[in-house]
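Reader: I should like to learn how to read an interface and a helix in a structure. May we work through one case together?

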Amino acid sequence: MQLQTRKVLDKAFSGLGLVAIAVMAVALLLILAPIMWRGSKAYVFKGTIEHRRVMLEQFDRGNPERFNKETAEAVAARAPLYDMMNAFEAELKEMDRSKRRDYKAAFKEVEKNIEVLLGPAPGDRKPVLLRQQYGQTRWDRSLVKLHETLYSEEWDYSNPDAMGVLVEKPRIDQFRGTALEPLFPYLEEHIEAMLRPRTTFYWQFITDTSKDSHIFGGIWAEVLGTIYLTLGAMLFAVPMGVVAAIYLCEYAKEGRVISFLRICISTLAGVPSIVFGLFGLAFFLNTIHVSDSKSVLAGSLTLSLLILPTIIRSSEEAILAVPRSYKEAALGLGAGRWHTVLTVILPAALPGILTGIVISMGRAAGETAPIIFTAAVSVGAPLKIWETLNQPTPALPWNIYNLCTEHEAVDEIRHVQYGMVFTLVAIVLLLNLTAILMRARISKKLRG
Amino acid sequence: MSKSANTSLIMSDAASRKQRIGTLLGQSVLFLITSLSTFAVFFIFYFILKDAVPFFKLEGFKEFFTSVRWYPSGSPAEFGALPIFVGTGLVTLGAIVVAVPLGIAAAVCLSDLLPFHLRQIVKPVIEVLAAIPSVAYGFFALVVFAPMLQNHGGAILSAGAWIVLGPILGLMVIVLGDLAIDKLRKFMNPKLAGALVFPLLGGLSLLLITRVAAQLSGLEISSGTNAFNVAVILGIMALPTVVSVSEDALQAAGRELREGSYALGATRAETIIKTVIPASVSGILAAVILGVMRAIGETMVVWMASGNASRIPEPWYNVLQPIRTLTATIAGDMGEADHVTGSSRFHVLFAMAFCLLAFSFIMNLASELIVKRSRKKLGK
């Protein structure tokens with residue numbers, strides 16, 4: 001090969017490596033960006049007056065006087081709308097039966113759409129379902145609903161060769177020449193006065209319980225469930241893991257038994273998470289009956305087995321990183337082995353051990369498969385601490401799955417789904433950030 | 001202990017015995033706690049097997065592994081899990097195709113190419129990729145990636161073809177062109193040959209890429225939740241494992257080996273390809289195995305975004321069709337099967353879990369063995 005080509009190849013090879021790194025970084029960015037951007041909109045968004053109504057009536061939050069003043073203005077803006085509808089209803093009654101039938105269905109649809117947009121009309125009976133008692137709480141959803149009110153969607157099959165095409169038709173065309181005609185331009189023009197959007201910082205999203213299966217409110221039950229499960233798992237896994245690491249590093253003599261132990265630990269690390277879930281169901285629930293039904297306790301125990309190998313490994317690494325001279329000095333001063341471990345080696349290894357613990361906390365918080373059969377339910381109230389022994393809990397990872405696949409109004413609550421994912425990812429990344437910073441400090445200390 | 005040591009340095013026999021027993025007792029307690037993970041492994045095997053055996057007793061092996069009809073709730077129920085195995089294999093294969101080349105290239109870059117301070121920036125990227133919960137990946141696959149694939153599938157695929165084929169064909173053009181110039185040296189001036197050969201090869205490969213991209217951009221993807229979607233996401237999820245394990249392997253190859261190669265006049269690329277990678281091939285193999293295990297054991301992403309259709313794609317390598325995997329079946333069907341504890345429908349899920357468990361156990365042993373052997377070979 002020519003020298004020239006070899007040099008070019010060398011450059012190209014380096015380029016390939018850099019491309020791989022770049023692809024990885026771009027993938028990370030592409031995945032995180034929508035989650036972060038749209039997830040943050042669960043916390044900061046343009047809230048309408050309906051949002052403030054929900055806050056006031058359901059969560060007792062906000063200034064009633066200011067709210068009432070604002071409501072009065074909104075009601076004033078909405079009044080002509082309802083007047084037009086009433087006028088049209090009167091007009092309907094005057095019409096021939098055949099003509100009336102044409103209008104009636106279309107009018108029903110408009111009425112329903114406006115109810116979804118603005119909430120129940122004044123004077124109507126209070127609906128039973130909470131979600132029907134309020135209009136759109138978010139400005140972005142309001143605009144979608146406004147569009148649905150202004151335009152109807154129809155399938156156009158006029159071309160027999162192609163598939164049907166969805167076309168939008170302005171609803172106003174259905175009501176030309178009636179009392180309802182001015183309603184549409186009025187609605188479009190005054191929507192802001194009717195809903196009064198305002199940038200809202202809803203940080204209570206994380207501490208509010210959900211109302212009417214996540215249509216309103218926040219995600220506290222899920223967050224709390226995740227915290228319980230994670231802390232519970234740490235409660236079991238940390239003592240076991242750290243003790244095992246101490247034994248493996250300081251006491252065990254390398255031999256058949258120990259290498260068998262190590263193989264078991266790595267096997268445990270390789271067991272698929274869903275198998276842990278099945279095991280938790282078969283062992284903790286169906287065999288030793290830690291609780292009658294799914295419970296946080298059973299979930300925590302299952303999760304603790306899952307993170308045990310990680311904790312053992314990272315603690316081992318941290319203990320091995322303690323300089324040999326420390327140990328020798330302690331032994332030389334006459335301290336016993338156990339004494340040395342407790343007073344010299346553990347304190348020196350503590351930051352490293354903590355780093356491993358923090359990372360496995362993130363892992364435990366995000367795992368879904370092990371808790372499906374052992375701890376998670378779709379709907380539930382935040383648990384008291386003693387209830388964790390025998391009651392299942394909603395948890396962030398499970399409810400993310402549940403809300404985006406099984407919820408009856410998947411598209412309506414995208415913001416809640418994104419908000420949940422954002423919260424979970426933020427929790428996990430914060431934990432990891434802590435670990436990274438801690439490790440940086442340790443390596444600085446060891447170097448300096 | 002310190003009190004008695006203070007009063008007299010010589011211990012009585014009784015005290016000495018007591019201390020020895022105490023030490024022994026303490027050590028055995030420590031040992032017991034350590035062997036907890038051994039118990040856990042045995043318990044997992046035992047309890048999964050215990051609930052899996054009734055299925056094979058009731059239904060036998062043949063249908064489970066060979067039939068393509070999966071109707072666990074029908075009457076009579078049918079438990080042909082072959083499509084589920086094929087689906088699992090297909091997405092795992094896809095994930096490997098994504099993760100292994102990228103992962104190894106990134107590992108080489110991290111261990112040999114990047115300067116130290118840049119490495120400190122890249123490492124957290126990998127750590128964050130590893131830390132993102134699987135359900136977040138699944139959410140991304142279902143809510144963001146699947147609609148994107150459905151609406152702009154052709155464009156995404158052809159862009160992917162450019163990204164993948166571009167660098168590979170570029171390198172091939174350089175190598176082939178150089179070889180051709182060597183051959184033509186007898187007949188003409190190398191510069192002239194280069195001016196002839198490179199445009200020719202470059203044009204040909206450009207033509208190839210545009211043809212492939214055009215083919216792909218014409219594709220209509222009927223459902224965004226399919227094997228391709230899952231394979232890409234699983235590949236990204238398996239990347240951190242592949243990168244970090246194979247980087248360790250590359251590092252372990254040692255400085256002397258590299259310096260020897262440089263001293264013989266090899267360029268960096270030649271050193272890495274001809275010396276470092278062959279020396280650490282077993283470690284890289286272990287990395288690939290661990291990546292496979294990560295992909296095969298993943299539940300949430302496949303459950304959410306694979307389409308969960310239990311049939312073999314037509315033809316079998318068509319990744320644009322929905323598939324179903326073992327993990328997703330276990331997760332999805334347990335909710336219904338839970339009420340009928342004791343039926344084949346319940347036990348079949350444990351049979352699947354046992355297959356997964358056995359597979360990951362064998363893979364894990366294999367990777368352990370490989371790593372151990374390579375350590376011996378490198379003399380460490």
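Author: The dialogue below treats the contact between chains, then one residue, then one helix. This is a predicted model, in which local features need pLDDT of at least 70 and side-chain atom pairs count only at pLDDT 80 or more, while totals for chains, interfaces and linings use all residues. Residues are numbered from 1 along each chain as its sequence is written, with chains lettered from A and ligands numbered from 1 in the order in which they are written.

Reader: How many residues does each chain bring to the contact?

Author: Two residues are in contact if their C-beta atoms, placed from the backbone, lie within 7 Å. Here, chain B supplies 69 residues and chain A supplies 72 residues. On the side of chain B that touches chain A, helix α7 (residues 134-184) of chain B gives the most, with 14 residues; helices (H or I, at least four residues) are DSSP runs, numbered from the N terminus.

Reader: Is Ile330(B) buried or exposed?

Author: A residue is buried if 20 or more other C-beta atoms lie within 10 Å of its own, exposed if 12 or fewer, and partly exposed in between. Ile330(B) is buried, because 28 other C-beta atoms lie within 10 Å. Ile330(B) belongs to helix α14 (residues 326-337) of chain B, and residues it touches include Ile274(A), Leu278(A) and Leu349(B).

Reader: Which residues of α8(A) are buried?

Author: They are Leu261(A), Cys264(A), Ile265(A), Thr267(A), Leu268(A) and Gly270(A). What covers the buried residues of α8(A) includes α10 (296-320) of chain A and α15 (344-377) of chain B.

Note on methods: Helices (H or I, at least four residues) and strands (E, at least two) are DSSP runs, numbered from the N terminus. Lists of a residue's contacts leave out its neighbours within four places in sequence.
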